[in-house]
Amino acid sequence: MPWDRNQMAARAAQELEDGTYVNLGIGIPTLVSNYIPEGVDVTLQSENGMLGMGPFPTEDEIDADLINAGKQTITELDRTSYFNSADSFAMIRGGHIALSILGAMEVSETGDLANWMIPGRLVKGMGGAMDLVAGVKRVVIIMDHTNKAGETKLLKACTLPLTGKAVVDRVISNLGVFDIAEGGLKVVELADGVTMDEVREKTDATLVE
Amino acid sequence: MAQKNYSDANSALEGLLFDGMTIAAGGFGLCGIPENLIAAIRDSGVKDLTVYSNNAGVDEFGLGVLLQTKQVKKMVSSYVGENAEFMRQYLSGELELEFNPQGTLAERMRAGGAGIPGFYTKTGVGTLVAEGKEEKDFDGETYIMERGIVADLAIVKAWKSDEHGNLLYRKTARNFNPLAATCGKVTVAEVEEIVPLGSLNPDNIHTPSIYVQRFVQGEHEKRIEQRTIREA
């Protein structure tokens, strides 16, 4: 069975290393914080200007001045610090964040990422994604292996406008875990019950052993 | 001491607005936006504005109100996804849009305010953002040049100001506000509370008063975009 959203998030949480600073993107990546392994202490950055992001507030704790990069209300922790947007992106561009987990529309076999725009249809903007992929040490993508039309999102070359060139290190899809490697995508593991035949059928990118 | 404290948002902007001007605005989503100054700009009828702001508000609130009245000619933003009217005007060609990566926009404001006309960044290399921009290699990596922003006017929202215009922001409502404050030829701040001189700790001032030419106290609705809660 392919992984569902929560299983993908749980698998992505295995990427977290103790004592690091991490940025989680909007959507499925946000769910990763629900699965941080026991004994692993990470500090979450929110690029609108916060280190040490806490859980959603209770009704009584809601504060309009305290939101994450997805504009959701959140809470602070004992370790929290706040800063302005230039300081926030200095952390990101300066290579101080260890890991960024993001969603994607397309990923190429050379690690190109497209996740911000569909020309003429969807014009929302890149937000902080271009900064994150350019500056963060390790970039992990969580996404479904195929789009709503059933077409693969793992391509030889991206067709949509890029967020960054050769920036992705690893892709966690509903079918498995794939690394950007010499010559193409290296299969790291498959979801339980998913076969290589299914992966081959649903992947345009070159697969390497 | 020069009088910086104005009684209302309209008078705080008096003499500063003109058609075709550039405005830098603080705020992230609807968090920490200068609600009262935006409303005063709408009421003034000034038009053909170029606005530097991370987001464009929502249809009925924030900078969205200036889009509804078609006072904005061009937006420079990183993300405009919450605004249907924006999308409609952009896709129909009524509104110009320049997407800047969020960190690039923040750094452009910081640089402009610091007298730095341009800087190099890796962000956007190999993407649409790099088109038409100078590229330069440093230590084997390619960077693109981005320009500093100096705006005719900056509008910001702070939590507290003392009577001299030293500003303090609250939690994530800080965001772009301190940067916008530095890059305006004139900066007007709206605050929740004006406190007496000497009551703010000088070690904790976020925006020193030199960046603030005018300020005004206002009421703030502080609308929430995504009300997410957990069970108590």
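**Nonpolar cores.** I started with the largest nonpolar core of this predicted model. It has 51 residues. I asked which members touch the most others. They are Leu16(A), Val32(A), Ile101(A), Val107(A), Leu113(A) and Ile141(A). Another core lies apart from it, with 39 residues. Among its members I noted Met130(A), Leu37(B), Leu63(B) and Ile155(B). I kept the general rule in mind: in soluble globular proteins, nonpolar side chains tend to be buried together.

**Helix H3 of chain A.** Next I looked up H3(A), residues 85-93. Which of its residues are buried? I listed Ser85(A), Ala86(A), Ser88(A), Phe89(A), Met91(A) and Ile92(A). The spacing recalls a general point: an α-helix has 3.6 residues a turn, so residues three or four places apart point the same way.

Then I checked what covers these buried residues. From chain A, the cover includes strand S2 (43-46), strand S3 (50-53) and helix H4 (129-135). Chain B contributes too, with helix H5 (102-113) and helix H6 (177-183).

I went on to the helix ends. Asn84(A) caps the N-terminal end of H3(A). One of its side-chain oxygens lies 2.8 Å from the backbone nitrogen of Ala86(A). After the helix comes Gly95(A), with a positive phi near 80°.

**Salt bridges.** How many salt bridges does the structure hold over all chains? I noted 31. In general, side chains of opposite charge can pair when their charged atoms come close.

I looked up the pair Lys165(A) and Asp112(A) first. Their side chains meet in a salt bridge, at 3.7 Å from N to O. This pair links distant parts of the chain, 53 residues apart. Lys165(A) sits in the loop between strand S11 (154-155) and strand S12 (170-172) of chain A. Asp112(A) sits in the loop between strand S6 (106-108) and strand S7 (113-114) of chain A. Is Asp112(A) buried or exposed? It is buried, because its relative accessible area is 9%, under the 20% cut-off.

In chain B, I found Lys74(B) bridged to Glu98(B), with the closest N and O atoms 3.2 Å apart. This pair also links distant parts of the chain: Lys74(B) in strand S4 (residues 72-77) and Glu98(B) in strand S5 (residues 96-99), 24 residues apart. Glu98(B) is partly exposed at 27% relative accessibility.

Arg88(B) and Glu94(B) pair as well, at 3.1 Å from N to O. Arg88(B) is partly exposed, at 39%. Glu94(B) is partly exposed too, at 37%.

Last, I noted a network of salt bridges in chain A. It links Arg11(A), Glu15(A), Arg138(A), Arg170(A), Asp179(A) and Glu189(A).

Terms used: Residues are numbered from 1 along each chain as its sequence is written. Chains are lettered from A and ligands numbered from 1 in the order in which they are written. This is a predicted model: local features need pLDDT of at least 70, side-chain atom pairs count only at pLDDT 80 or more; totals for chains, interfaces and linings use all residues. Side-chain values use heavy atoms; hydrogens and water are left out. A salt bridge is a side-chain nitrogen of Lys or Arg within 4 Å of a carboxyl oxygen of Asp or Glu. Helices (H or I, at least four residues) and strands (E, at least two) are DSSP runs, numbered from the N terminus. Buried means under 20% relative accessible area, exposed over 50%, partly exposed in between (1.4 Å probe, protein chains only). Contact means heavy atoms within 4.5 Å. A polar contact is a pair of N or O atoms within 3.5 Å; within protein, one must be able to donate a hydrogen and the other to accept it, and residues adjacent in sequence count only if both atoms are side-chain atoms. A nonpolar core is a set of buried Ala, Val, Leu, Ile, Met, Phe, Trp, Tyr and Cys residues joined through side-chain atoms within 4.5 Å.
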